[in-house]
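Q: I'd like a close look at one residue here, and then a wander outward from there. Take your time and connect things up as you go.

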Amino acid sequence: MPLSNSNSASPAALESTDTPSPALRVAVLADSDTRWKWGALTARRLTSGDGRAGAPRARISGLLLRGRATPTARQLAEVGDVGIDTGVREVTAVEFLHTVRDEGYDLVVLALVGGGVQAMLHGLAALRLPKRPVVVTGYVGVVYEKLADGLLLRHGADVVLANSRHDAERFRAVYEGVGADASAVTEAALPFLGGAPYRPEQGRDTVVFAAQPSVPASRADRTYLLRRLVEHARLHPEREVVLKLRSRPGEHTTHIEELPYQRLAEKLPGGLPPNFRLVYGHMGEVLDRTDLLVTVSSTAALESLHRRIPTAVLTDLGVREALGNHHFVGSGLLTSWDHLDGGAHPEPDAVWLAGQGVAADGSYDTAYDTARARVTALLAEDRLPDLAPYYTPATAPGYLPGILARHHLAPDGHPLPGAAAPRETGRVRGAVREAVREAARGAYRQGVQRVAPVIRRMGEL
């Protein structure tokens with residue numbers, strides 16, 4: 001709009017000088033470290049946070065949904081700089097809804113598990129805001145399980161991001177197959193792809209195994225993979241063999257890790273060879289010095305392929321939906337430790353790569369153009385239609401109420417009585433609340449990592 005508060009400016013200057021439009025207010029709500037990374041970087045790519053000309057300016061706020069997988073300070077630091085403009089704070093579902101009501105966000109990115117997305121959609125709808133925010137959601141990585149369940153729990157968002165053409169086609173097919181509106185499905189890519197293209201370095205030969213918290217799940221399978229990785233290090237003493245860990249014992253990620261590799265390594269007969277290392281840290285930094293990435297089905301494979309790093313997906317434990325490596329059928333990447341021990345390096349299939357959103361052909365710079373244009377158009381609407389999830393008390397009366405109740409919401413999306421805790425009025429009360437919460441988390445972690453495996457083994461006797 002033309003400036004009108006300067007008496008000294010010439011008419012020509014008044015006509016040519018515009019007042020910058022106010023920055024968009026964006027909230028990212030996440031429930032784990034990986035989803036926090038996805039959500040924050042997605043918000044940046046949808047707005048001016050990634051430096052793209054023409055994108056709306058934004059001020060991005062970070063909110064962490066309180067729960068078993070709420071990221072620790074160390075996990076947040078490991079994610080690195082994701083362009084958040086305000087301090088990250090922890091909230092309950094009801095506190096988040098109150099924040100949206102009070103802060104007047106323009107855009108909300110829900111980086112949550114499916115049930116969390118569904119609860120927030122109903123909660124936001126129940127607010128009946130005169131001008132509600134645009135709501136975006138999606139998936140952190142490869143969608144290899146609970147496709148219909150996860151998608152229908154995300155239905156109702158204005159934009160459901162798909163990380164590849166392959167996923168976009170599957171998503172639309174699911175929505176159309178149940179008679180739901182599929183127009184929200186928008187093809188993009190994983191927001192955290194990047195880094196320099198792979199270039200071998202003379203004298204460097206590094207093999208990295210990307211561990212996953214819950215794949216495989218059994219002690220026998222995880223011990224097998226660890227043993228083969230260590231044996232590979234012994235067979236190739238000239239190589240640096242790295243086990244890239246997702247979390248420290250006691251920390252939770254997107255998935256529960258009952259049997260941390262760190263604990264299994266401590267009990268491995270013969271110890272660890274000198275060219276074997278366990279590392280934490282940012283995956284991108286690890287990939288900077290990787291010559292072969294090995295995994296069962298980690299999203300790290302897509303990051304590696306984007307950079308054209310040699311990548312292998314293991315078949316040692318079978319090609320099974322439970323492992324997620326069935327997603328890589330047709331990729332040319334499936335192989336075994338026996339072949340890797342012998343020096344084999346899989347070659348990716350170009351057609352498969354083209355449909356998976358890894359954008360190894362250099363198209364990544366434009367991967368978010370469609371999604372950004374869609375969000376910009378929605379933001380320009382005078383009034384958005386009411387949020388209309390596929391699941392309602394009428395369509396899923398035996399399923400939806402339980403999902404909402406887990407987040408202290410009634411079947412109509414309103415907070416249950418007593419769900420909104422009074423605002424903290426003193427440091428002592430806040431400290432007590434935090435201590436109780438940490439104690440509860442500690443007990444939960446002990447139950448997951450110590451008690452549950454014992455009970456499971458007893459049940460197998």
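Is Arg-308 buried or exposed, and what is its relative accessible area?

A: Arg-308 is exposed, because its relative accessible area is 53% and anything over 50% counts as exposed. Keep in mind that this is a predicted model. As for where to look, Arg-308 sits in the loop that runs between α11 (300-306) and β12 (311-314). Its backbone is worth a glance too: phi is near 65°, a positive value in a residue other than glycine.

Arg-128 makes a good companion to look at next. Its phi is about 50°, again positive although the residue is not a glycine. This arginine sits in a loop as well, the one between α5 (114-127) and β5 (134-137). With a relative accessible area of 62%, Arg-128 is over the 50% mark and so counts as exposed.

Arg-128 has a salt-bridge partner in Asp-386, with the side chains meeting at 3.6 Å, N to O. Asp-386 belongs to the loop between α14 (369-379) and α15 (400-405), and Arg-128 to the α5–β5 loop, so this contact ties together parts that are 258 residues apart in sequence. Both Asp-386 and Arg-128 are exposed.

That contact is one of 19 salt bridges in the structure. Another pairs Asp-205 with Arg-239, at 3.0 Å from N to O. This one links distant parts of the chain, 34 residues apart: Asp-205 is in the loop between β7 (185-187) and β8, while Arg-239 is in the loop between α8 and β9 (240-244). The two ends sit differently with respect to the surface: Asp-205 is partly exposed at 25%, whereas Arg-239, at 9% relative accessibility, is under 20% and therefore buried.

Stay with α8 for a moment. Arg-227 and Glu-231 form a salt bridge there, 2.9 Å from N to O. They are 4 residues apart in helix α8, so about one helical turn separates them. Each is partly exposed, Arg-227 with a relative accessible area of 36% and Glu-231 with 29%. The pair doesn't stand alone, either: salt bridges with shared partners join Arg-227, Arg-228, Glu-231, Asp-316, Asp-338 and Asp-341 into one network.

Just ahead of that helix in sequence, check the loop between β8 (206-210) and α8 (219-235), where you'll find Pro-216. The peptide bond joining Val-215 and Pro-216 is cis, with omega at about -10°.

Now for something without charge. Val-319, Val-329 and Leu-334 make up a nonpolar patch on the surface, with about 220 Å² of accessible area together. Leu-334 falls in strand β13 (residues 334-335) and is partly exposed, with a relative accessible area of 30%.

Last, the empty space inside. There are 3 cavities of 30 Å³ or more, and the largest has a volume of about 50 Å³. Its lining is made up of Gly-141, Val-142, Asn-163, Ser-164, Asp-167, Leu-302, His-327 and Gln-356. By type, that lining divides into 2 nonpolar, 5 polar and 1 charged residue. Leu-302, one of the lining residues, brings us back to where we began, since α11 (300-306) is the helix on one side of the Arg-308 loop.

Technical notes. Residues numbered from 1 in each chain as written. Predicted model: local features only at pLDDT ≥ 70, side-chain atom pairs only at ≥ 80, totals over all residues. Heavy atoms only, no water. 1 Å grid on protein atoms, 1.4 Å probe; cavity = no way out; pocket = protein on both sides within 12 Å on 5 of 7 lines; lining within 4 Å. Points joined across faces, edges and corners; volume = space filled by probe spheres on them. Nonpolar A, V, L, I, M, F, W, Y, C, P; charged D, E, K, R; others polar. Patch = residues over 30% accessible without salt bridge, like charges linked within 9 Å, V, L, I, M, F, W, Y side chains within 5 Å. Areas by Shrake-Rupley, 256 points an atom, 1.4 Å probe, with all protein chains shown as cover. Salt bridge = Lys/Arg side-chain N within 4 Å of Asp/Glu carboxyl O. Helix = DSSP H or I, 4+ residues; strand = E, 2+ residues; numbered from the N terminus. Buried < 20%, exposed > 50% of the residue type's maximum accessible area, 1.4 Å probe, protein only.
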